[in-house]
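I opened this entry to look up the ligand sites, one sheet and a few backbone oddities. Notes follow in the order I took them.

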Amino acid sequence: MAKNKLTREDALQFHMQPTPGKWEIQATVPMTTQRDLSLAYSPGVAIPCEEIFANPATAYDYTNKGNLVAVISNGTAVLGLGNLGALASKPVMEGKSVLFKRFADVNSIDIELDTEDPDAFCNAVRLMGPTFGGINLEDIKAPECFIIEQRLKEEMDIPVFHDDQHGTAVICAAGLLNALYLSGKKIEDVKIVLNGAGAAGIACLELLKSMGARHDNCIMADTKGVIYQGRTEGMNQWKSAHAVVTDARSLADAMKDADVFLGVSAKGAVTQDMVASMAPNPVIFAMANPDPEITPEEAHAVRPDAIVATGRSDYPNQVNNVLGFPYLFRGALDIHARAINDEMKIACAEALAALAREDVPDEVAMAYGKKLSFGRDYIIPTPFDPRLIHRIPTAVARAGMKTGVARRPIVDMDAYELSLKSRMDPTASILRSLNARARAAQSTVVFAEGDDPRVLRAAVLYQRAGMGKALVVGRSDDVRAKLTAEGLAEAVDEIEVVNAANTIHLETYKAFLYKRLQRNGFDAQDIHRLAARDRHVFAALMLAHGHADGMVTGATRKSAHVLELINHVFDAQPHDGAVGVTAVLHKGRIVLITDTLVHEWPDENDLADIAERGASVARDLGLEPRVAFLSFSTFGSPVSERAEKMRKAPVVLDNRRVDFEYEGEMTVDVALNPRAQENYPFSRLTGPANVLVVPARHSASISVKLMQEMAGATVIGPILSGVGKPVQICSTVSTVNDILNMAVIAACGID
Ligand SMILES: NC(=O)C1=CN([C@@H]2O[C@H](COP(=O)(O)OP(=O)(O)OC[C@H]3O[C@@H](n4cnc5c(N)ncnc54)[C@H](OP(=O)(O)O)[C@@H]3O)[C@@H](O)[C@H]2O)C=CC1
Ligand SMILES: CC(=O)C(=O)O
Ligand SMILES: [Mg+2]
């Protein structure tokens with residue numbers, strides 16, 4: 001079943017926030033000083049221009065050409081939505097660009113050309129050749145796409161690849177190899193019916209035939225029905241090449257006794273009756289996007305013996321070209337290929353099929369919240385498989401070198417494989433695995449501030465993402481009005497609103513609170529006010545009594561105030577061992593900064609406690625902790641009274657015999673930079689620190705906010721640790737995503 005229900009509103013919000021669209025450009029060189037300007041621009045820029053003029057191959061050394069791919073469309077076949085035109089295709093093309101970056105670290109820009117004329121299209125693309133290392137054509141309808149691709153391949157000296165044709169064919173072939181293996185059938189013997197005789201359909205059938213499928217066993221159909229020999233209506237030369245002698249005229253006729261159905265046509269093109277008439281153990285790839293020809297539920301209802309795949313990410317077996325184009329181009333770019341040829345495509349298909357049969361690493365299981373193993377529901381690797389980046393491009397590059405399209409062959413393949421591994425951003429996998437853990441935990445999270453639209457959105461997202469149950473503290477009519485104003489009216493019935501008026505536990509909560517606070521100047525009336533009217537306290541009481549597994553608050557009030565209120569219910573004071581740990585993610589690195597919430601001016605013993613909590617949170621996030629005690633001096637120089645406690649804290653830890661690395665005092669550059677660390681060979685850190693213990697809360701706050709504002713770092717936290725229950729306090733400037741991240745941390749039980 002499709003698990004993660006997406007609404008139109010979700011999709012539109014995603015595309016609007018934080019800025020319209022899905023990507024932006026950043027400089028990779030410093031652009032701060034006069035000298036930087038003179039190098040990046042005139043006069044310095046003249047030198048590489050002259051070098052490239054003298055030797056064009058050096059464009060790969062002095063410009064971004066070698067890692068830049070254009071995603072180009074005219075919008076004539078946008079997914080399965082039809083001819084929406086150039087402008088409306090832009091979200092898909094921006095999407096392909098970010099997939100290039102995310103999965104294979106290929107820089108990519110989208111270009112939408114407002115023409116249906118193949119000549120005009122080819123001219124525009126050809127003239128852009130010098131800019132790019134490769135051209136990925138996308139969502140251009142058949143038959144024009146065949147003419148365009150063929151011409152551009154002839155006219156350009158960089159890879160030109162129509163993703164909907166060859167990307168789809170490669171993934172379809174990989175999935176089919178494995179599906180047939182599982183159903184005990186051979187490609188030479190099976191009867192294949194393919195619906196949709198366009199870009200994807202023609203290319204799929206051609207590749208499968210080159211891999212052994214027999215012409216007479218393959219029937220192709222389009223909107224006019226079966227493409228039989230002698231048909232004249234709606235034909236073209238590409239369809240004619242696949243016409244067969246057959247009595248079948250409709251798709252239903254063709255599907256009778258078929259072993260394989262491949263759909264690259266449109267939503268709902270296949271009925272349950274058609275599926276029911278197929279041969280035993282049928283293979284059904286309903287690849288139309290965004291909605292398949294038939295859903296897996298519908299297909300399985302009539303044929304439980306079928307292996308079913310779709311193009312979507314919310315069902316098992318996603319047969320989608322996202323598994324192909326990033327890695328095909330990565331391999332091609334890395335050998336400065338002139339083209340992506342058939343051998344490279346087949347190498348890609350075989351490598352993907354082989355990968356799916358291997359043991360799946362735990363990391364992937366974490367990302368998907370379940371163990372995957374080769375079988376009917378796992379015939380093809382999942383897009384988040386971290387092995388793809390080093391396994392597929394190497395296979396593609398090898399095939400390219402063997403077939404002579406490499407301008408710069410790779411000499412050391414082992415080193416190449418290693419360099420591919422290091423391209424991927426480890427922070428992405430941390431966030432992904434937290435999400436997966438939350439999904440597996442299915443925790444009930446109480447969102448204390450149900451009067452804030454950001455909180456409501458986060459609560460709805462939490463629940464819709466299948467993480468568990470979201471409870472929001474608030475008044476039902478107010479929540480309803482706010483959700484409706486946010487365009488989320490249908491979510492009103494999805495999330496549960498909780499408050500003092502609708503709980504049966506109010507008296508229990510009050511008794512608990514009275515017991516804790518009666519000797520601190522609180523009388524019965526104060527207790528009633530706190531328990532019944534303060535949403536932070538009410539949510540904390542729910543958590544304390546096991547009526548929720550985690551709580552999130554702090555979006556509407558300063559964290560110090562919120563912490564004070566939480567302290568009525570939990571022991572979250574400095575002397576209780578509570579600590580705030582903030583994760584800062586930037587440029588593929590993650591560091592935890594602590595204490596960002598509880599201790600104003602910790603002494604050396606507090607600092608040692610803080611280090612222990614920081615190390616524990618690091619382990620919870622999947623990091624092996626290396627703790628640095630930070631100051632403005634390193635190992636006693638310069639001497640300063642203010643640095644004294646940072647010098648003493650490691651000594652306190654020495655006596656505690658903790659099981660993680662720590663060192664200090666040191667400046668932040670020594671903590672983070674391995675070269676700066678070389679000056680201190682006696683240091684006990686074996687690498688850059690990932691937990692930074694700072695001298696005071698104000699320095700913590702300054703560091704985190706500086707990273708956020710100046711560098712655009714992603715900040716998660718402060719994660720409140722040491723309270724014994726997952727209470728997470730976000731900041732008043734939190735976005736919906738920040739609040740959701742805190743809910744995920746709470747849901748994972750990190751405390
Ligand atoms: N999963 C994946 O990775 C991919 C999936 N696709 C999907 O494949 C589909 C086609 O894309 P593409 O090849 O680029 O588009 P094209 O426009 O090039 O081709 C579409 C083809 O589908 C046929 N068709 C359309 N509707 C029906 C129908 N109801 N019954 C039978 N045939 C139909 C058309 O028939 P006619 O010739 O008679 O007009 C045409 O032959 C889309 O849904 C797209 O999302 C595409 C690429 C990748
Ligand atoms: C996946 C894709 O490229 C398409 O559906 O068009
Ligand atoms: Mg496409």
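Which of the 26 residues around ligand 1 come nearest? I listed the shell and got Ala197, Ala200, Thr223, Lys239 and Asn321. I note here that this is a predicted model, with side-chain atom pairs counted only at pLDDT 80 or more.

**Ligand 1**

I went through the polar contacts to the backbone next. A polar backbone atom of Ala200 is 2.9 Å from an oxygen atom of the ligand. For Asn321 I also read 2.9 Å, again from a polar backbone atom to an oxygen atom of ligand 1. At Val319 the ligand's partner is a nitrogen atom, 3.0 Å from a polar backbone atom of that residue. I then checked cover: ligand 1 has 920 Å² of accessible area on its own, and the protein covers 82% of that.

I sorted the shell by residue class and found 11 nonpolar, 11 polar and four charged residues. Two helices that I traced into this shell are α9 and α10, the latter spanning 199-210, and each supplies at least two residues.

**Ligand 2**

Which residues are around ligand 2? My list reads Leu79, Lys96, Glu138, Asp139, Asp164, Asn289, Asn320 and Asn321. Asn321 is thus on this list and also among the residues that come nearest to ligand 1.

I looked up three acidic side chains here. From an N or O atom in the side chain of Asp164 to an oxygen atom of ligand 2 I read 2.9 Å. The corresponding value for the side chain of Glu138 is 3.0 Å, and for that of Asp139 it is 3.1 Å. The protein covers 86% of the 210 Å² that ligand 2 exposes on its own. By class, the shell holds one nonpolar, three polar and four charged residues.

**Sheet and helix α9**

In what order do the six strands of the open sheet run? I wrote down β7-β6-β5-β8-β9-β10, and the pairing is mixed. The edges are β7 at 225-226 and β10 at 307-310, each of which pairs on one side only.

I took a closer look at one pair inside the sheet. Strand β8, residues 260-263, pairs with β9, residues 283-286, in the parallel sense over four bridges. Across this pair, Leu262 stands opposite Phe285 in β9.

I then followed helix α9, residues 163-182, which lies across β8, β9 and β10. Its direction makes an angle of about 155° with β9. This is also one of the helices that supply residues to the shell of ligand 1, and its residue range includes Asp164 from the ligand 2 list.

**Backbone geometry**

Most residues other than glycine have a negative phi, and most peptide bonds are trans. I therefore looked for departures from this general pattern.

I noted two cis peptide bonds. One runs from Asn289 to Pro290, with omega near -5°. Pro290 sits in the loop between β9 and α14, the helix at 296-302. Asn289 has already appeared above, around ligand 2.

The other cis bond goes from Ser637 to Pro638, also with omega near -5°. I placed Pro638 in the loop that joins β17 (626-630) and α28 (644-656).

What is the phi of Asp105? I read a value near 55°, which is positive in a residue other than glycine. Asp105 lies in the loop between α6 (90-104) and β2 (107-112).

Methods
Residues numbered from 1 in each chain as written. Chains lettered and ligands numbered in written order. Predicted model: local features only at pLDDT ≥ 70, side-chain atom pairs only at ≥ 80, totals over all residues. Heavy atoms only, no water. Pairing = 2+ DSSP bridges. Contact = heavy atoms within 4.5 Å. Axes fitted to C-alpha atoms, helices over the stretch in contact; angles between N-to-C directions. Near = heavy atom within 4 Å. Polar contact = N/O pair within 3.5 Å; in protein donor to acceptor, adjacent residues only side chain to side chain. Areas by Shrake-Rupley, 256 points an atom, 1.4 Å probe, with all protein chains shown as cover. Nonpolar A, V, L, I, M, F, W, Y, C, P; charged D, E, K, R; others polar.
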